[in-house]
Number of protein chains: 2
Amino acid sequence: MKESSNLLFDLVLFGGTGDLSMRKLLPALYQLYRTTPFHASTRIIAVGRTAPSKEAFLHRVQDKLEQHLPQDSWDTVSWQQFAKHLNCVSIEADKTESYRNLIPLLSEDQRPRVFYFSTHSSLYATIASSLGALGLITPCARVVLEKPIGRDLNTARNISGQMSNYFTESQIYRIDHYLGKETVQNLLVLRFANPLFESLWNHHYIDHIQITISESIGVESRGEFYEETGALRDIVQNHLLQLLCILAMEPPPNIEPDRIRDEKLKVLYALKPLLGDDIARSVVRGQYSAGAIKGKDCIGYTEEEGVSEHSTIETFVAMKVMIDNMRWSGVPFYLRTGKRLPSRSCEIVVQFKEIPHWIFDTVRGQLMSNQLVITLQPDESITLRLCGKRLGPGMDVRTVDLNLNPNSRGNKRSADAYERLLLDVVKGDQTLFVRQDELEQAWHWIDPILLDWESTTSPPEYYACGSWGPAGSTLLLAKDGRLWHEGATG
Amino acid sequence: MKESSNLLFDLVLFGGTGDLSMRKLLPALYQLYRTTPFHASTRIIAVGRTAPSKEAFLHRVQDKLEQHLPQDSWDTVSWQQFAKHLNCVSIEADKTESYRNLIPLLSEDQRPRVFYFSTHSSLYATIASSLGALGLITPCARVVLEKPIGRDLNTARNISGQMSNYFTESQIYRIDHYLGKETVQNLLVLRFANPLFESLWNHHYIDHIQITISESIGVESRGEFYEETGALRDIVQNHLLQLLCILAMEPPPNIEPDRIRDEKLKVLYALKPLLGDDIARSVVRGQYSAGAIKGKDCIGYTEEEGVSEHSTIETFVAMKVMIDNMRWSGVPFYLRTGKRLPSRSCEIVVQFKEIPHWIFDTVRGQLMSNQLVITLQPDESITLRLCGKRLGPGMDVRTVDLNLNPNSRGNKRSADAYERLLLDVVKGDQTLFVRQDELEQAWHWIDPILLDWESTTSPPEYYACGSWGPAGSTLLLAKDGRLWHEGATG
């Protein structure tokens with residue numbers, strides 16, 4: 001490959017010595033480097049409050065890469081080449097003068113200059129204003145914002161307002177790493193390239209849709225952060241609503257970034273508002289109490305470090321969401337997320353309506369219904385569940401699972417979500433990033449629930465670590481005569 | 001297993017020393033024996049004009065089994081046990097007295113007594129009348145009739161009339177071994193157990209359907225038989241129309257044999273008649289001329305033994321069939337069969353309509369359309385062809401083939417069609433057998449084409465051995481802007 005076609009960019013990583021950077025961003029950049037070589041002058045600059053020496057930093061990154069990368073991705077030669085692109089620098093977020101440390105490390109040419117804000121969103125404005133004050137935000141600059149952006153509509157609007165003083169909307173990349181997953185993009189192709197799915201993708205044929213994001217970990221060392229966030233802000237407002245948008249959106253006229261984001265926004269506009277009594281009826285708020293996961297004892301949320309012993313913050317949310325439009329009228333979307341659940345997973349189940357009349361002798365159970373099961377974690381896969389004939393005499397019906405998993409077809413590695421998204425930022429493709437109006441509309445829909453919970457004196461429903469959440473979650477579907485997917489499969 | 005639950009029957013195989021018996025029926029019975037043990041007194045009696053000694057007969061059967069069975073199906077112990085059930089006997093079809101040879105071999109209890117007529121259909125009435133004269137057709141008797149039954153509506157009706165003097169309709173099993181194939185029955189389950197397919201199985205979503213039965217062999221030693229038969233009678237009137245009925249039938253209210261056969265009959269009633277000029281427009285009549293298949297020279301049909309050098313008998317038929325009902329209006333069914341084509345295959349292609357609007361950058365080719373491809377020969381399989389995302393950055397679309405093949409799931413052997421159907425005869429299940437009214441309606445629809453061809457002076461279209469038939473066949477679809485399936489895949 002000619003040097004001129006190699007990836008040329010400067011990337012400044014605020015929070016660059018932090019957890020996300022070490023576990024996800026730097027490994028993703030290393031993987032990107034291995035598939036798409038960097039131009040010799042490409043630079044990655046990790047920013048920390050008190051950054052270690054370059055040598056110590058490189059040692060730490062190397063340790064983390066060896067720890068977090070799949071074994072077959074690591075090789076010492078690539079690492080040594082990759083490390084030449086790495087730098088680190090000390091900046092105190094609130095001291096504009098300290099940003100001058102960046103200047104000698106940035107190139108002066110027209111290459112993409114990416115500022116990645118992997119910090120608390122309350123720091124975004126501060127960082128942007130210092131960068132602006134020093135003239136570092138050139139026309140070729142881009143900024144990547146990590147979620148959650150704000151803690152309600154008002155704070156999100158403030159951040160938007162402040163960012164817009166320094167960046168145009170086309171320079172702002174609000175990242176939601178679920179959108180970077182191969183399988184989420186495959187879902188768009190499946191929906192819009194196949195008449196088989198496109199024709200059935202509406203209330204006539206779909207019974208309901210479930211989306212679950214479960215974690216087995218608790219709040220770990222992030223008790224303080226979690227106390228002011230909770231599951232609704234941490235997962236529902238962004239990841240779950242984004243996945244819902246991808247599933248529910250109308251076909252766009254083309255796949256230009258803004259045409260896709262227009263359609264996602266329309267879904268958010270069509271979400272039936274949850275107000276007043278609807279909230280108690282349609283939303284379950286849970287908090288984990290002591291229990292055990294896979295035989296290992298776990299403490300309750302209020303016993304965690306940094307958490308108030310009287311905290312009513314939710315670590316679990318289940319909700320029934322309706323979309324008031326022609327396509328989805330009457331089709332519930334059940335969303336669920338929680339910490340300290342039995343396993344880490346992200347799964348979407350599209351449940352088709354049952355066949356109107358059953359002619360076979362085999363007893364028809366819930367398992368027999370057609371389903372599209374899309375798994376994003378721990379491994380990505382798409383399974384189409386159909387009915388087929390059981391081999392042999394007679395006409396017994398059994399379930400057949402067809403695997404649409406791209407990973408099982410050929411040995412090509414599926415890019416990590418961050419790897420894909422970082423490449424898109426460098427290339428200037430905003431398709432898989434959240435637009436300001438989407439962000440604000442999501443908060444607009446979430447705000448009444450936040451307010452309701454803040455004003456209530458009733459405690460969350462408690463659930464034991466290692467269970468699938470409080471009884472209310474099961475009841476939410478049982479009222480509609482349905483079950484959560486894992487309830488059916490054990 | 002208790003002896004009482006073992007299969008108890010007497011089976012008399014007319015034409016029992018012939019080709020079909022040796023290649024198909026006896027191997028199928030042996031396989032059936034291995035999966036479903038026979039009662040000790042179950043008897044299989046092969047009838048021949050001049051049957052060999054029992055010893056010589058067993059030797060011949062053993063040779064054929066070893067030759068035609070898959071290697072892992074053959075074992076000497078099973079064979080020796082199975083051979084104890086075998087007998088052979090000499091009967092001259094037109095000499096009633098000779099049928100007395102059967103009497104000592106038949107049991108007198110109420111077990112199913114199956115007469116299998118694997119002879120030319122002109123002998124059916126003769127055999128039935130001799131069996132009747134000797135009182136061998138008891139209430140527990142059944143008769144299996146091989147196709148083609150008759151050579152037009154009139155002769156088929158005659159045979160029906162004669163058979164009905166000795167057997168009730170519930171005793172008559174008109175066999176079409178394509179219906180015994182696992183995959184054909186699976187098709188019923190796929191259609192009627194899956195809303196995903198059931199909802200789309202109509203003119204709104206299906207563009208057209210192709211059914212091909214191709215052979216690479218010529219007429220072999222059966223030149224004389226073929227001269228008075230031809231492809232229309234040999235394959236189209238039975239196999240192709242039966243497969244069309246299974247594909248096109250309305251959902252029955254249940255899977256009782258007559259409810260399924262009612263629905264198949266309704267399809268035959270709805271076939272748009274091919275009359276007058278329609279025949280030339282919609283039906284292609286071909287005959288093979290000298291050529292080569294896989295590098296091996298083949299002679300033309302008129303050079304075959306037993307064939308007139310001026311013969312205009314068709315060895316190839318392609319036709320466009322329309323079904324005049326609410327479900328299928330405007331959807332062509334293209335049927336095709338021929339000898340000396342490049343390979344032996346039986347394939348059904350259900351081609352769904354294209355997605356109305358294509359939003360992806362990938363160029364959409366014919367290959368990208370959704371298809372259900374059902375293969376019955378040489379191996380059985382069902383493949384659902386969808387579009388998915390090509391792994392990697394961007395949104396490239398590629399074709400993904402999902403395999404619904406029952407054989408690839410677990411190691412359970414799929415029963416041979418004859419094995420399944422013989423078991424059904426013994427059990428008294430007529431689901432997969434053709435009813436008299438179906439047979440006659442199929443001939444009713446075929447007759448005008450036969451008459452037209454008999455009255456024409458124009459020769460058939462010639463095609464070289466090893467080609468996919470005459471140019472007219474390609475043209476038949478090209479006029480509609482379509483291609484035969486192998487044209488797309490090479």
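How far apart do the C-alpha centres of domain 1 and domain 2 of chain A lie? The legends below start with that view and then move through close-ups of a predicted model.

**View 1. The two domains of chain A.** The answer is 35 Å, taken between the C-alpha centres of domain 1 and domain 2 of chain A. In the domain assignment, domain 1 of chain A runs over 3-146. Domain 2 of chain A is put together from three stretches, 179-239, 277-414 and 460-488.

**View 2. An open sheet in chain B.** Here you're looking at nine strands of chain B with mixed pairing, in the order β16-β15-β14-β13-β7-β12-β11-β8-β17. Look at the two ends: β16 (397-403) and β17 (461-464) of chain B each have a single partner strand, so one side of each has no neighbour in the sheet. Going from one strand to the next, the turn averages 20°, direction ignored. There's also a visitor from the other chain: helix α6 (residues 182-193) of chain A packs on this sheet and touches β15 (381-389) and β16 of chain B. The direction of α6 of chain A makes about 115° with that of β15(B).

**View 3. Strand β8 of chain B and its two partners.** Which strands flank β8(B) in the sheet order? They are β11 and β17 of chain B. With β17(B), strand β8 (residues 283-289) pairs in the parallel sense, over four bridges. On that side, Tyr288(B) sits opposite Tyr463(B), and Ser289(B) sits opposite Ala464(B). With β11 (residues 316-321) of chain B, β8(B) runs antiparallel, again joined by four bridges. Val283(B) faces Met319(B) across that pairing. Six of the seven residues of β8(B) are buried, so the rest of the structure largely encloses this strand.

**View 4. Ile209(B) and the residues around it.** Ile209(B) belongs to strand β7 (residues 206-214) of chain B. Is this residue buried or exposed? Ile209(B) is buried, because its relative accessible area is 0%, below the 20% cut-off for that label. Setting aside neighbours within four places in sequence, the contacts of Ile209(B) are Leu247(B), Trp328(B), Pro332(B), Phe333(B), Tyr334(B), Ile348(B), Val349(B) and Val350(B). Leu372(B) is worth finding too: it comes 163 residues away along the chain from Ile209(B), yet their C-alpha atoms are separated by 9.6 Å.

**View 5. Thr431(B) in its loop.** Thr431(B) is found in the loop between α12 (417-427) and α13 (436-455) of chain B. Despite the loop address, Thr431(B) counts as buried, at 10% relative accessibility. The side chains of Thr431(B) and Asp429(B) make a polar contact at 2.5 Å. Apart from neighbours within four places in sequence, Thr431(B) is in contact with Ile255(B), Pro257(B), Ile260(B) and Arg261(B).

**View 6. Two helices crossing in chain B.** Helix α1 (residues 19-35) and helix α3 (residues 76-83) of chain B pack at an angle of about 105°, with 10 Å between their axes. That angle makes α1(B) roughly perpendicular to α3(B). From α1(B), the contact uses Leu26(B), Leu29(B), Tyr30(B), Tyr33(B) and Arg34(B). Ser78(B), Trp79(B), Gln81(B) and Phe82(B) supply the α3(B) side.

**View 7. Cis peptide bonds before Pro378.** In chain A, the bond from Gln377(A) to Pro378(A) is cis, with omega near 0°. Pro378(A) lies in the loop between β14 (371-377) and β15 (381-389) of chain A. Chain B has a cis bond joining Gln377(B) and Pro378(B), with omega about -5°. Pro378(B) is in the loop between β14 (371-377) and β15 of chain B.

**View 8. Two positive phi values in chain A.** Glu220(A) has phi near 55°, positive although the residue isn't glycine. Glu220(A) lies in the loop between β7 (206-214) and α8 (223-227) of chain A, and is partly exposed, with a relative accessible area of 49%. Arg340(A), also not a glycine, has phi near 60°. Arg340(A) sits in the loop between β12 (333-338) and β13 (345-352) of chain A. Arg340(A) is buried, at a relative accessible area of 16%.

Note on methods
Residues are numbered from 1 along each chain as its sequence is written. Chains are lettered from A and ligands numbered from 1 in the order in which they are written. This is a predicted model: local features need pLDDT of at least 70, side-chain atom pairs count only at pLDDT 80 or more; totals for chains, interfaces and linings use all residues. Side-chain values use heavy atoms; hydrogens and water are left out. Two strands pair if DSSP finds at least two bridges between them. Axes are lines fitted to C-alpha atoms, for helices over the stretch in contact, and angles run from 0 to 180 degrees between N-to-C directions. Contact means heavy atoms within 4.5 Å. Buried means under 20% relative accessible area, exposed over 50%, partly exposed in between (1.4 Å probe, protein chains only). A polar contact is a pair of N or O atoms within 3.5 Å; within protein, one must be able to donate a hydrogen and the other to accept it, and residues adjacent in sequence count only if both atoms are side-chain atoms. Domain bounds come from an automatic or database domain assignment. Angles under 35 degrees count as roughly parallel, over 145 as roughly antiparallel, 65 to 115 as roughly perpendicular and the rest as oblique.
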